[in-house]
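Welcome, and make yourself comfortable at the viewer. Let's walk through this model one selection at a time.

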Number of protein chains: 2
Amino acid sequence: MPVWVMRQAGRILPGYRKIREQVKDFKEFVKTPALACEATLEPVEVLGVDAAIIFSDILVVPEAMGLDYEMVESRGPLFEKTIKSQKDIDALRVGSIENWNYVTDAIKLTRKELNDRVPLIGFAGSPWTIFAYMTEGKGSKTFSIAKRMIYSDPKMAHALLDKITQTTIKYLKDQVNAGAQIVQIFDSWGGILSPESYEEFSLPYIAKICDELSIHAPVIAFPKGAFFSAKKIAQLNCNAIGLDWTVDAADAREMLKGKVLQGNLDPCVLYADHSVIKNKTIEMIKQFGSKEYIANLGHGVYPDIPMDNVRYFIDTVKEYSAK
Amino acid sequence: MPVWVMRQAGRILPGYRKIREQVKDFKEFVKTPALACEATLEPVEVLGVDAAIIFSDILVVPEAMGLDYEMVESRGPLFEKTIKSQKDIDALRVGSIENWNYVTDAIKLTRKELNDRVPLIGFAGSPWTIFAYMTEGKGSKTFSIAKRMIYSDPKMAHALLDKITQTTIKYLKDQVNAGAQIVQIFDSWGGILSPESYEEFSLPYIAKICDELSIHAPVIAFPKGAFFSAKKIAQLNCNAIGLDWTVDAADAREMLKGKVLQGNLDPCVLYADHSVIKNKTIEMIKQFGSKEYIANLGHGVYPDIPMDNVRYFIDTVKEYSAK
């Protein structure tokens with residue numbers, strides 16, 4: 001069974017932190033293919049993961065559509081302008097290759113450097129998650145501005161979601177053409193919706209992307225916090241489903257029959273000592289079974305988790321796998 | 001079917017905002033029985049809810065145990081000291097009536113003023129939720145400090161949870177003795193745990209409180225975001241279960257047989273216009289059925305929701321109920 005770690009190319013690694021000190025900001029890092037390539041390769045070399053995931057950001061898409069943002073140190077993204085009206089939506093473009101060629105260049109370079117050691121994963125945010133940032137303008141505990149729009153003006157919300165979806169499909173196809181061998185869709189904020197809203201405003205757009213992409217590359221959908229819609233998620237035209245740590249493995253196997261499952265160790269386990277990491281990791285593998293399974297965390301690794309513990313998690317999976 | 005709204009005594013109301021301007025800070029408000037009483041009564045008079053809930057804060061408990069905090073305007077609670085070691089836990093006291101008599105005084109005064117118009121609900125946070133604040137020192141997106149402790153030092157975590165539970169049982173009994181006719185336990189942060197951790201570090205302590213309290217007053221448990229453990233939650237010795245808006249009504253009726261259910265409209269529905277509020281509210285009631293049911297939101301009302309819309313939600317329930 002393969003193993004990788006969401007946010008494996010990040011603050012937990014010394015090489016990443018060194019590059020980060022040298023660039024002006026996070027966006028310069030993302031937009032410089034040689035640096036993005038270097039960050040993508042580091043976990044393959046230092047942690048021994050079985051897959052690389054291109055170092056980038058889900059907010060490439062809104063920027064490609066014409067909505068610029070800055071990444072504020074230790075606070076997250078901040079959009080100068082947010083989407084409030086149909087006029088704002090009309091002013092957005094459906095992005096194209098020239099808006100994200102720094103990503104496709106990074107993918108090409110990374111594929112060359114990887115030389116088929118491990119597959120390279122491309123990714124995008126789900127349309128709902130991107131919608132949430134474009135309407136809210138930043139992270140939020142409640143995303144009440146985004147949610148206000150779906151209840152107050154569902155037609156307008158669908159218009160924006162549709163435009164984001166069109167862009168995302170082009171973006172992911174371009175990633176595959178550049179060399180991404182798998183794509184993952186991160187629905188980071190699906191879990192703040194009710195099941196009914198989730199099935200109207202998030203899932204159908206993920207489904208569209210799966211339908212368009214799955215003929216080109218295997219697709220992993222990661223509907224974080226949205227297992228309440230598991231029966232509908234099972235119908236996605238994708239190969240694998242990522243699970244967060246609140247999902248019980250037996251429930252997931254029962255409700256998502258036929259899908260490869262990916263996940264779902266609580267990242268906080270990696271704060272504990274090696275014996276706890278080993279026990280919890282083996283327990284997880286036994287619960288999922290090692291077939292049709294990709295070992296991973298249930299969320300991106302937190303920046304202050306010791307690198308050595310992340311490696312120990314990966315080694316534990318590999319050791320178990322070798323038996 | 002009765003209806004009330006979590007956080008009904010808050011920023012949405014003009015009387016509340018007026019008192020808030022007159023006091024030094026939020027804590028002075030909570031600690032002045034006449035003001036807490038006034039805030040508790042306002043939604044009964046202005047919104048026409050079928051229950052009052054004493055205006056207070058879940059952080060009365062850590063303060064009663066000797067861990068002081070301040071409420072930072074628009075940011076939330078901030079503890080000067082956090083719990084890091086067994087020594088810190090040993091230094092805490094199990095609180096007593098003299099540590100929370102401002103709450104019991106407010107309850108007595110409110111019961112007198114209510115004159116049995118509607119029942120008065122008392123409340124406390126769940127031990128895990130209080131634990132999260134006592135170890136983290138403030139709100140958090142990940143609560144990784146709190147979770148680190150449960151994985152790194154489960155024995156110490158249980159020692160702290162046990163002391164919080166002892167305090168909470170005394171606190172809720174004192175509220176009932178003072179006149180609270182129902183008590184609600186808010187497990188605001190149970191949903192950040194894995195099912196396994198939830199069933200070790202949160203649910204057993206809620207169960208202890210239910211066992212001790214249910215002989216004195218009806219108990220409502222609100223395990224926000226933790227429906228993944230519904231089968232175990234169903235076994236709680238309590239009368240009602242509060243549900244957040246991510247829970248499907250039919251699933252809840254099936255998995256929580258025999259319990260009164262409370263909830264669970266997405267508060268963001270109340271940003272929309274009256275026709276949307278009416279449709280969504282009636283749809284919710286039909287899904288739950290109006291028996292063994294308390295209409296409410298799935299979370300506290302957000303401070304910027306128009307009061308008129310909250311009242312329209314309440315009126316819609318009452319109108320439907322009268323038919």
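Two residues are in contact here when they have heavy atoms within 4.5 Å. Keep in mind that this is a predicted model.

**Stop one: both chains.** Show chain A and chain B together: 28 residues of chain B are in contact with 28 residues of chain A. Chain B falls on chain A after a rotation of 180 degrees with 0.0 Å of shift along the axis, at an RMSD of 0.0 Å. That is the relation of a two-fold axis. To find the axis from chain B, select Lys141(B), whose C-alpha is the nearest to it in that chain, at 4.0 Å.

**Stop two: the shared surface.** Now color the interface residues. The copies meet through the same surface, because 100% of the interface residues of chain B are also interface residues in chain A. Together the chains bury about 2,400 Å², with 54% of that on carbon and sulfur atoms. Select Tyr151(B), Thr246(B) and Tyr271(B) next: these lose the most area to chain A, together 24% of what the chain B side buries.

**Stop three: charged partners.** How many salt bridges are there between chain B and chain A? The count is six. For one of these, zoom in on Asp266(B) and Lys147(A), whose side chains meet at 3.1 Å, N to O.

**Stop four: the helices.** On chain B, select H8 (144-152), H10 (195-213) and H13 (274-288), the elements that each give two or more residues to the side touching chain A. H8(B) provides the largest share, five residues. Finally, color that side by class: 13 residues are nonpolar, six polar and nine charged.

Terms used. Residues are numbered from 1 along each chain as its sequence is written. Chains are lettered from A and ligands numbered from 1 in the order in which they are written. This is a predicted model: local features need pLDDT of at least 70, side-chain atom pairs count only at pLDDT 80 or more; totals for chains, interfaces and linings use all residues. Side-chain values use heavy atoms; hydrogens and water are left out. Copies are superposed by least squares on the C-alpha atoms of residues with pLDDT of at least 70 in both. Buried area is the accessible area (1.4 Å probe) that two parts lose on being put together, summed over both. A salt bridge is a side-chain nitrogen of Lys or Arg within 4 Å of a carboxyl oxygen of Asp or Glu. Helices (H or I, at least four residues) and strands (E, at least two) are DSSP runs, numbered from the N terminus. Ala, Val, Leu, Ile, Met, Phe, Trp, Tyr, Cys and Pro count as nonpolar, Asp, Glu, Lys and Arg as charged, and the others, Gly among them, as polar.
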